[in-house]
Amino acid sequence: MMKINCNETLAVSLHRVFNADLNEHGTVFGGRILELVDGEASVAAMRVTRSTVVTAAMDHVQFLKPFHLQDSMCMEAYVTGVGHRSLEVFVKVIGEHLMTGERFVGFSCFMTYVIQDPQKSIKYDQVIPQTAEQKAMVAGYATRRQHRKENRQKQAAIINSISKDKPWEN
């Protein structure tokens, strides 16, 4: 049985909020946060797979508090569960008001990645949490994985109903 510690997968980076990150409300554009988070989480995923991964899903997405100019965003990502070719990564973004030092939880989500090469698989079969937070996130992995499987089945019907017709020809 091959095990890997959450901390061995941990990816951490800081991003200072600049004007180019802001939307018309003066807060960081949600799409920008998703872009940064996807990049960060892929590092954690590849620390396990040591192979190219693709983003399969992003769920439990929570924009909890807005980030503003003069804030920094500390992104932390670590693997919380592994399958045969897929794995789950938890990501949180902790904001810091740089003028006061006040910290806050601004964003969290779970990302699912899949190894791009169908001939490769994940060599680990268990993720070992070290912190109380990691223990809580790892403990919920099996339930989240089952919900994703059920959701994929429901989504298949929706996807099959999507028209590929050119809307301007109707």
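Modeller: Two cysteine sulfur atoms count as a disulfide when they lie within 2.5 Å of each other. The model discussed here is predicted.

Colleague: How far is the sulfur of Cys-74 from the closest cysteine sulfur?
Modeller: The closest cysteine sulfur to that of Cys-74 belongs to Cys-109. A disulfide needs sulfur atoms within 2.5 Å, so the pair is too far apart for a bond. The separation is 15 Å.

Colleague: How many disulfides does the model hold?
Modeller: Cys-6 is in no disulfide, and its nearest cysteine sulfur, that of Cys-109, is 15 Å away. By the 2.5 Å rule, the count of disulfides is zero.

Colleague: Is Cys-6 buried or exposed?
Modeller: The relative accessibility of Cys-6 is 0%. Buried means under 20%, so Cys-6 counts as buried.

Colleague: What kind of aromatic pair do Phe-63 and Phe-107 form?
Modeller: The structure holds four aromatic pairs. In the pair of Phe-63 and Phe-107, the ring centres are 5.1 Å apart and the planes meet at 65°. Planes over 60 degrees apart have their own class, so this pair is edge-to-face.

Colleague: How many residues separate Phe-63 and Phe-107?
Modeller: Phe-63 is in strand β3 (residues 53-63) and Phe-107 is in strand β6 (residues 103-115). The pair therefore links distant parts of the chain. The separation is 44 residues.

Colleague: Which residue of that pair counts as buried?
Modeller: Phe-63 has a relative accessible area of 46% and is partly exposed. The relative accessibility of the other ring residue is 0%, and buried means under 20%. The buried residue is Phe-107.

Colleague: Which residue has its charged end over the ring of Phe-110?
Modeller: Phe-110 belongs to a cluster that ring pairs build with Tyr-78 and Phe-90. A charged end sits over the ring of Phe-110, 3.9 Å from its centre. That charged end belongs to Arg-144.

Colleague: How far does helix α2 reach from its first C-alpha to its last?
Modeller: Helix α2 spans residues 30-49, which is 20 residues. At 1.5 Å a residue, 28 Å is expected, and the helix comes close to that. Its reach is 28 Å.

Colleague: What phi does Arg-50 take?
Modeller: Most residues other than glycine have a negative phi. Arg-50, just after α2, takes a positive one. Its value is about 50°.

Colleague: Which residues are in contact with Ser-51, leaving aside its neighbours within four places in sequence?
Modeller: Ser-51 is placed in the loop between α2 and β3. At 8% relative accessibility, Ser-51 counts as buried. Its contacts, with those neighbours left aside, are Met-46, Ile-115 and Lys-120.

Colleague: Where does Gln-70 lie?
Modeller: Gln-70 has a positive phi of about 75° although it is not a glycine. Its relative accessible area of 34% makes it partly exposed. Gln-70 lies in the loop between β3 and β4.

Colleague: In which strand is His-60 found?
Modeller: Phi of His-60 is positive, near 50°. At 45% relative accessibility, His-60 counts as partly exposed. His-60 is found in strand β3.

Colleague: How far apart in space are Thr-100 and Ala-142, C-alpha to C-alpha?
Modeller: Thr-100 is in the loop between β5 and β6, and is exposed at a relative accessible area of 60%. Thr-100 and Ala-142 are 42 residues apart in sequence. In space, their C-alpha distance is 40 Å.

Key
Residues are numbered from 1 along each chain as its sequence is written. This is a predicted model: local features need pLDDT of at least 70, side-chain atom pairs count only at pLDDT 80 or more; totals for chains, interfaces and linings use all residues. Side-chain values use heavy atoms; hydrogens and water are left out. Rings of Phe, Tyr and Trp (its six-membered ring) pair if their centres lie within 6.5 Å; planes under 30 degrees apart count as stacked, over 60 as edge-to-face and the rest as tilted. Helices (H or I, at least four residues) and strands (E, at least two) are DSSP runs, numbered from the N terminus. Buried means under 20% relative accessible area, exposed over 50%, partly exposed in between (1.4 Å probe, protein chains only). A charge sits over a ring if NZ of Lys or CZ of Arg is within 6 Å of the ring centre and within 35 degrees of the ring normal. The expected span of a helix is 1.5 Å times one less than its number of residues. Contact means heavy atoms within 4.5 Å.
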